[in-house]
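Hi,

Here is the structure I promised to pass on. Have a look at it first, and my notes follow underneath.

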Amino acid sequence: MSVTGVGVEQAVTLSAVARLYGRGDSQVPALRGVHCAFTRGSFTAVMGPSGSGKSTLLQCAAGLDRPTSGRVFIGDTDISALTETQLTKLRRERIGFVFQSFNLMPSLNARKNVALPMRLAGQNPGRAQVDAALEQVGLGNRGGHRPAEMSGGQQQRVAIARALISQPDVLFADEPTGALDTNTSREVLGLLRSVVDHAGQTVVMVTHDPVAASWADRVLFLSDGAVHGELRGPTVAAVSEHMARLGG
Ligand SMILES: Nc1ncnc2c1ncn2[C@@H]1O[C@H](COP(=O)(O)OP(=O)(O)OP(=O)(O)O)[C@@H](O)[C@H]1O
């Protein structure tokens with residue numbers, strides 16, 4: 001069966017994705033049949049009230065969680081049909097993920113943190129490749145520093161370099177600025193913007209912050225596990241107004 005809209009121009013497509021948690025009376029529908037797509041080379045923010053399903057959507061889209069029903073495509077690959085081993089390989093090669101809490105290894109310097117996922121996958125990235133990833137996030141001179149010797153914004157940029165080193169098609173970011181102050185948030189958002197504008201990659205970012213969302217090309221709104229509108233060329237005022245209507 002073909003799914004309308006899946007094609008080369010879409011980096012990620014979700015088709016009728018539902019995700020239920022729990023069983024019986026305590027079952028919670030986190031997503032209720034979501035249809036959406038993320039165009040290659042675009043920056044999308046996903047917003048919605050607390051509990052509306054944003055993180056679940058990101059986890060399903062990134063192949064970190066499996067939908068209860070529906071299908072997820074990375075490019076034209078139906079990841080719902082992959083075995084765990086195939087999915088792990090696809091995630092490693094085509095998907096990057098950044099979390100609110102950076103998730104860096106405190107005992108390793110920036111260079112070693114960036115190289116770690118590739119080393120765990122049995123590959124050995126060269127110094128030049130690691131330094132190029134750090135260069136891309138503006139930390140070419142910080143490779144020898146450990147996380148504790150860097151600001152929150154710098155740590156998040158190391159996490160972004162770690163996600164970008166495999167040159168993934170899509171970078172997913174769950175509240176990447178949630179733990180940062182206004183100035184360092186701006187650094188990280190500017191970096192995500194340049195990943196899209198200069199490297200042509202696709203970024204999908206969950207955020208609660210209308211200012212962060214205004215850096216994106218498009219905002220997709222979720223409410224109660226379903227898509228409730230979108231804004232293109234979002235302004236802070238328009239995003240805040242839409243969120244107020246959703247009760248978020
Ligand atoms: N592992 C889980 N087990 C049971 N219920 C879950 C689980 N993960 C999420 N949920 C429920 O699914 C719904 C959607 O959660 P999700 O974390 O995706 O929302 P969110 O929009 O990211 O929320 P927030 O903005 O608060 O982070 C919520 O009702 C949540 O309680």
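Let me start with the ligand: the residues of the shell around it divide into 3 nonpolar, 8 polar and 1 charged. In that split, Ala, Val, Leu, Ile, Met, Phe, Trp, Tyr, Cys and Pro count as nonpolar, Asp, Glu, Lys and Arg as charged, and the others, Gly among them, as polar.

Two caveats before the rest. This is a predicted model, where local features need pLDDT of at least 70 and side-chain atom pairs count only at pLDDT 80 or more, while totals for chains, interfaces and linings use all residues. Residues are numbered from 1 along each chain as its sequence is written.

Back to the ligand. Around it you'll find Tyr-21, Gly-22, Val-28, Ala-30, Gly-48, Ser-50, Gly-51, Ser-52, Gly-53, Lys-54, Ser-55 and Thr-56 (a residue is near a molecule or strand if its C-beta atom, placed from the backbone, lies within 6 Å of it). Strand 2 (28-39) and helix 1 (54-61) are the elements that give two or more residues to this shell, and the largest share, 3 residues, comes from helix 1. Helices (H or I, at least four residues) and strands (E, at least two) are DSSP runs, numbered from the N terminus.

Strand 2 also belongs to an open sheet of 4 strands, ordered 2-1-4-5 with antiparallel pairing (two strands pair if DSSP finds at least two bridges between them). Strand 2 and strand 5 (77-78) are at the edges with a single partner strand each, so one side of each has no neighbour in the sheet. Strand 1 (residues 10-21) runs antiparallel to strand 2, joined by 9 bridges; there, Val-12 has Phe-38 of strand 2 as its bridge partner.

The other open sheet has 6 strands in the order 6-7-8-3-9-10, and its pairing is mixed. Its edges are strand 6 (95-98) and strand 10 (226-232); each has a single partner strand, so one side of each lacks a neighbour in the sheet. On average, neighbouring strands here are turned by 20° against each other, direction ignored. Strand 6 pairs with strand 7 (residues 170-174) in the parallel sense over 4 bridges, and Val-98 stands opposite Ala-173 in strand 7.

Finally, UniProt places "domain: ABC transporter" at residues 12-246, in an unreviewed entry; such annotations may be inferred rather than shown by experiment. The end C-alpha atoms of that span lie 25 Å apart, and it is 36% helix and 26% strand.

Cheers

Methods. Axes fitted to C-alpha atoms, helices over the stretch in contact; angles between N-to-C directions.
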